[in-house]
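Trainee: I would like to go through this model with you, taking charges and cysteines in turn. Could you show it to me before I ask anything?

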Amino acid sequence: MSRSYKEELEYIERVSPVEFRIKKGFVPNMRAEGKFYVNKNLEKLMFEELENSIGKGGVGGFTPAVKQIANVASLPAIVGTSIGLPDIHSGYGFAIGNTAAFDASDPEAIVSPGGVGFDINCGVRLIRTNLTEKDVAPHKEELTQSLFDHIPVGVGSRGLIPLKASTFEQCLTYGMDWTLREGYSWAEDKEHCEEYGRMLQADASKVSVRAKKRGLPQLGTLGAGNHYGEVQVVDEIYDKHAAAKMGIDQIGQVCVMVHCGSRGLGHQVATDALVEMERAMARDNIEVNDRQLACARIRSVEGQNYLKAMAAAANFAWVNRSCMTFCVRQAFSRIFNSSPDDLDMHVIYDVSHNIAKFEEHWIDGRPKELCVHRKGSTRAFGPHHPLISVDYQLTGQPVLIGGSMGTCSYVLTGTQKGMTETFGTTCHGAGRAMSRAKSRRNISFEEVLDNLKQKGISIRVASPKLVMEEAPESYKDVTDVVNTCHAAGISNKAVKLRPIAVIKG
């Protein structure tokens with residue numbers, strides 16, 4: 001029997017101005033509670049989605065995000081709570097912006113591709129320069145075109161990095177160690193990358209032939225959708241000490257942000273795993289509230305196969321972002337007639353926001369190994385964590401939060417409170433407020449492009465009509481999202497960045 005909206009609300013309780021608790025019983029079989037972080041503006045969107053789904057079973061083909069958080073809380077061996085970040089919106093299985101951890105020592109513990117997403121290790125990389133907005137302004141159009149020429153973009157785009165099938169296996173196995181050996185990365189790049197750019201459990205033999213065929217021509221490509229390359233300028237500095245550690249020392253300093261993932265290879269790895277996991281669930285009698293939460297025991301053959309293939313896809317994504325970093329450095333070098341080294345084009349950090357990883361966290365006063373699923377959410381380890389590089393030990397890990405097209409982006413830092421409350425996790429971006437189909441119906445691409453020009457943002461796009469899906473109106477306000485995380489104490493604001501040039505698929 002379905003419940004009324006008023007009855008649904010009885011299971012949701014406000015804990016603080018920016019946090020809500022989802023009580024057990026909201027959906028069947030909950031093993032843990034859920035929680036989500038929203039401020040007043042985001043709260044309205046969250047509850048509207050739930051209200052609009054009453055009697056319909058969902059919105060736009062998906063269960064509303066608040067229900068998805070609760071469905072994840074029903075999975076075996078979940079530890080703590082199922083967590084929704086402020087940019088949360090409904091997705092396949094897990095909501096996008098949902099984090100959950102599972103006890104790796106429990107034989108019942110599962111891994112779920114729906115908790116990682118189809119674009120495995122979709123992530124963001126930020127590269128600094130010693131240029132200012134004044135330096136770039138006279139060359140802005142030329143620079144935007146140079147970036148567009150150097151980095152293949154759009155659906156079906158093919159990479160410029162020549163690769164044989166045998167070499168491709170090495171990309172999947174070694175990640176950024178391969179790009180370092182081939183001269184596409186600097187040694188310092190690895191230090192400033194999550195997992196140092198390589199997941200050691202990767203096994204290229206667990207990646208299907210079809211996935212490899214899809215990935216091979218796409219190395220060093222940006223793709224389409226919400227992926228982009230942006231030239232940005234420092235607009236505000238909130239934490240001077242943290243910013244200085246990142247090499248950001250003045251308003252107007254120019255940086256480059258690259259947002260992309262594992263392209264068709266990661267998508268195929270997820271698709272292949274879901275087929276295998278349907279069979280594993282039937283064999284092991286695993287029951288879930290939503291078929292999209294297909295999963296397998298971590299210790300099962302299917303679970304291990306997926307974790308090894310997912311790690312290989314993650315390595316591919318780091319290689320992909322590294323190859324684009326190489327292209328960005330070449331584009332800047334050509335326009336400013338100076339070497340990338342002289343332009344101080346160092347990687348500030350590279351973060352993942354679609355990944356599952358084994359990490360040690362303190363649970364009930366003891367360290368415990370957990371399999372942490374972060375889908376549309378970002379690792380944000382606090383100060384003194386052994387897995388972040390030496391220069392960020394005192395400030396906490398940098399976290400890169402990309403805005404929607406033409407809006408600001410942020411650099412945050414991880415906190416100790418985040419370590420205890422969200423498994424060292426924070427938001428990943430603005431988060432959609434409107435479906436892609438609705439965006440196409442409501443917004444014209446000419447309108448979006450004109451709006452960007454009026455803001456003084458130079459833009460190059462491969463598919464102008466896809467721009468409608470990525471219009472700022474289609475997304476939540478990234479400042480609302482970031483401010484909520486800051487108010488909750490799960491990450492701290494460090495730097496605000498404003499775009500001056502964008503390339504997209």
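Trainee: Is E188 buried or exposed, or in between, and what is its relative accessibility?

Mentor: This is a predicted model, in which local features need pLDDT of at least 70 and side-chain atom pairs count only at pLDDT 80 or more, while totals for chains, interfaces and linings use all residues. Residues are numbered from 1 along each chain as its sequence is written, and side-chain values use heavy atoms, with hydrogens and water left out. Buried means under 20% relative accessible area, exposed means over 50%, and partly exposed lies in between (1.4 Å probe, protein chains only). E188 therefore counts as partly exposed, its relative accessibility being 40%.

Trainee: In which helix is E188 found?

Mentor: Helices are DSSP runs of H or I with at least four residues, strands are runs of E with at least two, and both are numbered from the N terminus. By that numbering, the helix that holds E188 covers residues 187–191 and is α8.

Trainee: How many disulfides does the count come to?

Mentor: A disulfide is a covalent bond between the sulfur atoms of two cysteines, and here it is taken as a pair of cysteine sulfur atoms within 2.5 Å. By this rule the count is zero. C323 is in no disulfide, since the nearest cysteine sulfur, that of C171, is 6.9 Å away. C427 is in no disulfide either, and its nearest cysteine sulfur, that of C485, lies at 3.6 Å, so the number of disulfides stays at zero.

Trainee: Which strand does C371 lie in, and how far is its C-alpha atom from that of A100?

Mentor: C371 belongs to strand β13, residues 366–375, and counts as buried because its relative accessibility is 0%. C371 and A100 are 271 residues apart along the chain, and their C-alpha atoms are separated by 8.4 Å.

Trainee: Why does the salt bridge of E194 and K357 tie together parts that are apart in sequence, and by how many residues?

Mentor: A salt bridge is a side-chain nitrogen of Lys or Arg within 4 Å of a carboxyl oxygen of Asp or Glu, and the side chains of E194 and K357 meet in one at 2.4 Å, N to O. E194 lies in the loop between α8 and α9 (209–215) and K357 in strand β12 (residues 354–363), so the parts that the pair ties together are apart in sequence by 163 residues.

Trainee: Which residues are linked with D235 and R498 in a network of salt bridges?

Mentor: The side chains of D235 and R498 themselves meet in a salt bridge of 3.2 Å, N to O. D235 lies in strand β8 (residues 228–237) and R498 in strand β19 (residues 491–504), so this pair joins parts 263 residues apart in sequence. The residues linked with them in the network are E133, E236 and K496.
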